[in-house]
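I sat down with a coffee and a fresh page to look through this chain. Here is what I looked up, in the order I did it.

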Amino acid sequence: MPEPKGREDLLARLSRFEKQFFPRYEKSYRRLVEEGQQPKTLFIGCSDSRIVPYVLMDCGPGELFIARNVGNLVPPWDMSAGFHGTAAAIEFAVLQLQVHNIIVCGHSHCGAVRGLYADPPAEATHLREWLQLARGAALPGPGSPDILRRVEQRSIVLQLERLMSYPMVARRVEAGQLFLHGWYYVIEDGQVLVLDAQSGRFEPLAREVAASPPTAPPEVDATHWARFDPTP
C-alpha cells in the first residue's frame, strides 16, 4: 500500500518539534502545566493558512487563547444558528480564563468574503450556511477588489457587534474589565490596521496617520460599545 502523500514531511516536522523546538521551551511548557494556562487575550481569527497569530503578535506558548474558523466569524449567542465551537471558545475564554482582551482579526484576500459574491461548491452545505454569518456586511454590486476589502473590514465590526450579544461579554465590557479590538491584517503589506471606535475606520498604527482628517464617511459606528484599555 502506498504511503499517504506528504507523510514523510509531516513526520519530519514533528521530529523537529521534539528535538529542536520543545527543548528550548521545556521549562515554559512544564510551568504552564503546573500553574495552568493564564492567557490574557482571546484571538478570533480566520483559518487562512497565511495568518499565524503567534507570529503576528510576537507571542509564545500560553499567551493567546485562539479560536479560528473560516472568515473569523462569531455565531450568535442565542444559538439561533445552532451549536458552534467558536461560541464555546468565547464562553470559556471569558468565564473560565477571564481574558482581558478579545481581538477579532480579519484580513485581506479573504476567501470567506469572496464566498459572499461567488457561491461555494454545491456540496459545501455547511460552508454555505456558515458564511451567512457575514452576510450582513455585504455591499451591493460585483465583488471588485475595493468592495471586497470594505466588506472584509465591515465583517470584523459585524462580528464585534455580535460578541456584544454574549451576556458575559457585554457585562464585562460595560464594567471596564474586557476590551474588544478589531484588526485588519493586510497580508501583502505586513500591516495591521486597527479599528478606531470614534471614527469607525481601520487606521494604521502610526498615530500621525490616524489623526489625519477623514476623507469619507465611516463604514461603521462602533462608539456605542467599544471600550479600549487606556494603557499601551
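My entries below go from the whole chain to one strand and its partners.

**Entry 1, overview.** I noted at the outset that this is a predicted model. I counted eight helices and six strands in the chain. Reading from the N terminus, I wrote the order down as α-β-α-β-α-β-α-α-α-α-β-β-β-α.

**Entry 2, burial and contacts.** I looked up the buried share next, and 41% of the 232 residues fall in that class. The chain exposes about 13,600 Å², with carbon and sulfur atoms supplying 56% of that area. I also checked contacts between residues at least 6 apart in sequence: 64% of them join residues at least 24 apart.

**Entry 3, strand S4.** How many of the residues of S4 are buried? I found eight of eight, across residues 179-186. Then I sorted the residues by direction. Phe179, His181, Trp183 and Tyr185 point one way, Leu180, Gly182, Tyr184 and Val186 point the other way, and all are buried. That fits a handy rule: in a regular strand, side chains alternate between the two faces of the sheet.

**Entry 4, the partners of S4.** Which way does S3 run against S4, parallel or antiparallel? I found S3 (residues 101-107) pairing with S4 in the parallel sense, over seven bridges. In this pairing I saw Ile103 opposite His181. With S5 (residues 191-196), S4 runs antiparallel, and four bridges join the two. Here Tyr184 stands opposite Leu193.

**Entry 5, the hairpin.** I finished where S4 and S5 form a hairpin with four residues between the strands. In this hairpin, Gly190 takes a positive phi near 65 degrees.

Notes. Residues numbered from 1 in each chain as written. Predicted model: local features only at pLDDT ≥ 70, side-chain atom pairs only at ≥ 80, totals over all residues. Heavy atoms only, no water. Buried < 20%, exposed > 50% of the residue type's maximum accessible area, 1.4 Å probe, protein only. Contact = heavy atoms within 4.5 Å. Areas by Shrake-Rupley, 256 points an atom, 1.4 Å probe, with all protein chains shown as cover. Pairing = 2+ DSSP bridges.
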